[in-house]
Structure formats: C-alpha cells, structure tokens
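Biologist: Please take one helical hairpin-sized part of this model and go through it closely. Then follow the chain outward from there, and give the cut-off for each term as you use it.

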Amino acid sequence: MKQKVFAICDIEEAYAFRLTEYMLEKVRLPYTLHLFTKVEELQNFIQQQKIGILLIAENALQLLREENIKQQAEEIFVLQENDTPKREDLCYISKFQSPEKIVEALTDSMAESMDWNFGDVAENTAVKLIGLYSPIKRCLQTSFALTLGQILAREHRTLYFNFENYSGFGQMLKREFAMDMMDLMYYFRCAKDKLPLRLPSVVQNINGLDYIPPIQSLAGMGEVSGSQWLELCMHIAGIGQYEYIIMDLDDGMEGLFDLLRHCYRIYTITRDDSFAVAKINQYEQILKFNELEEIADKTVKCRFPVFREVPASLDLMTLGELAGYVKAIVREDLYGK
C-alpha cells in the first residue's frame, strides 16, 4: 500500500531544513516526508499527487496559486508569521518557536483530529533492558544510571526511565515538565495507536541521552503494575527504535521484580558497612524465597571506590572518576572487550 505524503513547504531554506531534520529524527509517522523550499515545486507536485498533511509557512501559502488548497491536501497546518487574518478552514501554529514546540503543537492537533494506524510498533523489538536497583539508599545509583545511559547513547539509541517517587529532576535541570511518565501511561492505556504522535512532545534529551521525565505526582503510581510498565517500555522502544532502555528502579513502585526479571542485565550497588551488607543479604534472601534466582543470576554487584568528586550537573556525567568506572563496565560487561 502506497504511503501518504507529509509535505513541508517554507521558502526560508535554513529554517525548513532544520525543522525537517528534527521531524525525521523525532516523529514516527506512516507518511513519506517531502520538503519544498520553492512554492513552484510544491505547485507542480500537488498537480500530480494529493498530499495527506501539508505544513506550510504563511508567506509560502500566500504565493501558492491554488485558491482551494483544501482540495489538494487532506490536512493543512500553517506556520503563522504575522497578524494577518486567519482562514477558518486552516489550523495555525506559531512559526517563531523551537522545533520542539512546533512539533508538539502539530502532533497534539493531529492526535485529536485524525485517525491513525501505526500497526504493532513494538513487535519483535530487539531492545535490551538494563535495570539498576539496590536496597541501599544514597549509593550513587542515579548517577551511575545517567552516566551509563549517556555513555551508551554515544553509539546506540538509548532511553532512560527514572522510577523514583522523588527524583528531583526538575530542580536539578532547572526545568518544568509539561508531561511525565504517568501522562505517557495514560495515553498508552487510552489510545495506544496515537502514542507515536504523543511521544515526541514528552521525550527530553540530556547530553545525547533521551529520557522520559519522572513522575511529578504520586497519584495513580501505585495502580500501575510492573507488566504495564514493561509493555509501555517495549512499545516506546519500537516507536523510537531504541537499542537500550535504562531503568532506574525504586522500592516505591509496584512490580519491581516483574521488571527486574525481564532485564538483560541488572546492576546492584553494594557497600561494606554492616547496614549495607544486611540489606543486600535480606534482598537476596527474598529473591531466593520467591524463586527469583534468575534476577540474582543477571545481577552484577558494583562496589564503588571513594570518589573525590561526582559531577554536579546531570549533563556532565560522562566526565570524572565515576565515568571512568562505568566505561570499564560497558567495555567488559556489555561489550565483552
């Protein structure tokens, strides 16, 4: 079946190429993407083939010699550049904002107004799940997870999930997140087929590593099972073609063991003090009691040396002593070098 056409038209070439590049990287749509930087080229194209979605700059639309453009394109979105009167039959998006905001507005509108069929995007995905969990607290688990994720992201498409109840991400990054993991779970439960449209507006990036903002409110968190989180992770992996998913796990979530069971590798941080040893022993006894030896078999225990300094900024985790330690683990344990 021939795919429909998604066309972008803007006579400002640098802007058009930047927006198109972002869409190719971030948005998975069942359309072939065509870019036009000359109105005449678009004019010739639509005389031969109908367009499914047209994203066109306002100045380009004014130059287009098609009075009834609605007959040539099923859905039209206009990148508004000035305060000229809007046509009631078209949807307008402000052009003077980041590509992220434009795509967010575009996909939100598309998700609400259009029907989609992406198929089973998560089927047969080869993503490897890496879990980080330790019953010991304040042991650099999140620092380890972010460092590992940023290192892997240099060569592989990698996604990071943080399941802590109080992650502090917003304050650490000095950012406010419009949506988080629970919003994605809501979309997944209500309209799985539209998740590829919602995902680009939720996924954030730090030093090359994609991540889903951690939960900002505990409401509803306890109602999500481990199998549901696993299904969501695998579905997102299929959409984004991720090779690795890093799961920074916490005691406060439901289905912790369900997620650990499905991990390709698990890293557990240990220490030598008596309380730490007692907690690790109790954790291992619980695994044995519940016949979850498979979790223990996939676990690599990490006993860190004393680091003189750990990067204070979350986007600098590939620097410093901890990074050197994690790079050695990646080489030896994940790559077998």
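Modeller: In this predicted model, the axes of helix α7 (residues 181–190) and helix α8 (residues 195–202) come within 10 Å and cross at roughly 175°. Helices are DSSP runs of H or I with at least four residues, strands are runs of E with at least two, and both are numbered from the N terminus. An axis is a line fitted to C-alpha atoms, for helices over the stretch in contact, and angles run from 0 to 180 degrees between N-to-C directions. The two helices α7 and α8 are therefore roughly antiparallel; the classes are under 35 degrees for roughly parallel, over 145 for roughly antiparallel, 65 to 115 for roughly perpendicular, and oblique for the rest.

Two remarks on how to read the values. Residues are numbered from 1 along each chain as its sequence is written, and side-chain values use heavy atoms, without hydrogens or water. Because the model is predicted, local features need pLDDT of at least 70 and side-chain atom pairs count only at pLDDT 80 or more, while totals for chains, interfaces and linings use all residues.

Back to the helix pair. On the α7 side, L184, Y187 and F188 are in contact (heavy atoms within 4.5 Å) with L195, R198, L199 and V202 of α8. Six of the residues in this contact are nonpolar, none is polar and one is charged. In this scheme Ala, Val, Leu, Ile, Met, Phe, Trp, Tyr, Cys and Pro are nonpolar, Asp, Glu, Lys and Arg are charged, and the others, Gly among them, are polar.

How many residues of α8 are buried? Eight of the eight residues are, so α8 is largely enclosed by the rest of the structure. Buried means under 20% relative accessible area, exposed means over 50%, and partly exposed lies in between, with a 1.4 Å probe and protein chains only. The list of buried residues in α8 runs L195, P196, L197, R198, L199, P200, S201 and V202.

Helix α7 has a second partner. It packs against helix α9 (residues 226–240) at an angle of about 85°, with the axes 11 Å apart. That makes α7 roughly perpendicular to α9. From α7, the residues M181, M182, L184, M185, F188 and R189 meet Q228, W229, E231, L232, H235 and I236 of α9. This contact has eight nonpolar, two polar and two charged residues. L184 and F188 are listed in the contacts of α7 with α8 and with α9.

Next comes the sheet. Seven strands form an open sheet in the order β8-β9-β7-β10-β6-β11-β12, with mixed pairing. Its edge strands, β8 (204–206) and β12 (299–303), each pair on one side only. Neighbouring strands are turned by 25° against each other on average, direction ignored. Two strands pair if DSSP finds at least two bridges between them. Strand β11 (residues 265–270) pairs with β12 in the parallel sense over five bridges, and I269 has C302 of β12 as its bridge partner.

C302 counts as buried, at 1% relative accessibility. Its sulfur lies 9.9 Å from the closest cysteine sulfur, in C139, which is too far for a bond. C139 is also buried, at 8% relative accessibility. The search of the whole structure finds zero disulfides, a disulfide being a pair of cysteine sulfur atoms within 2.5 Å.

C302 and I269 both appear among the contacts of F144, along with L132, Y267, F304, L322, V326 and I329, leaving aside neighbours within four places in sequence. F144 belongs to helix α5 (residues 141–152) and is buried, with a relative accessible area of 0%. Its C-alpha lies 8.5 Å from that of M317, although 173 residues separate the two in sequence.

For contrast, E88 sits in the loop between β4 (73–80) and β5 (91–94). E88 is exposed, with a relative accessible area of 85%.

As for the whole protein, the secondary structure comes to 13 helices and twelve strands. Buried residues make up 50% of its 337 residues. The C-alpha trace spans about 80 × 40 × 40 Å along its principal axes.
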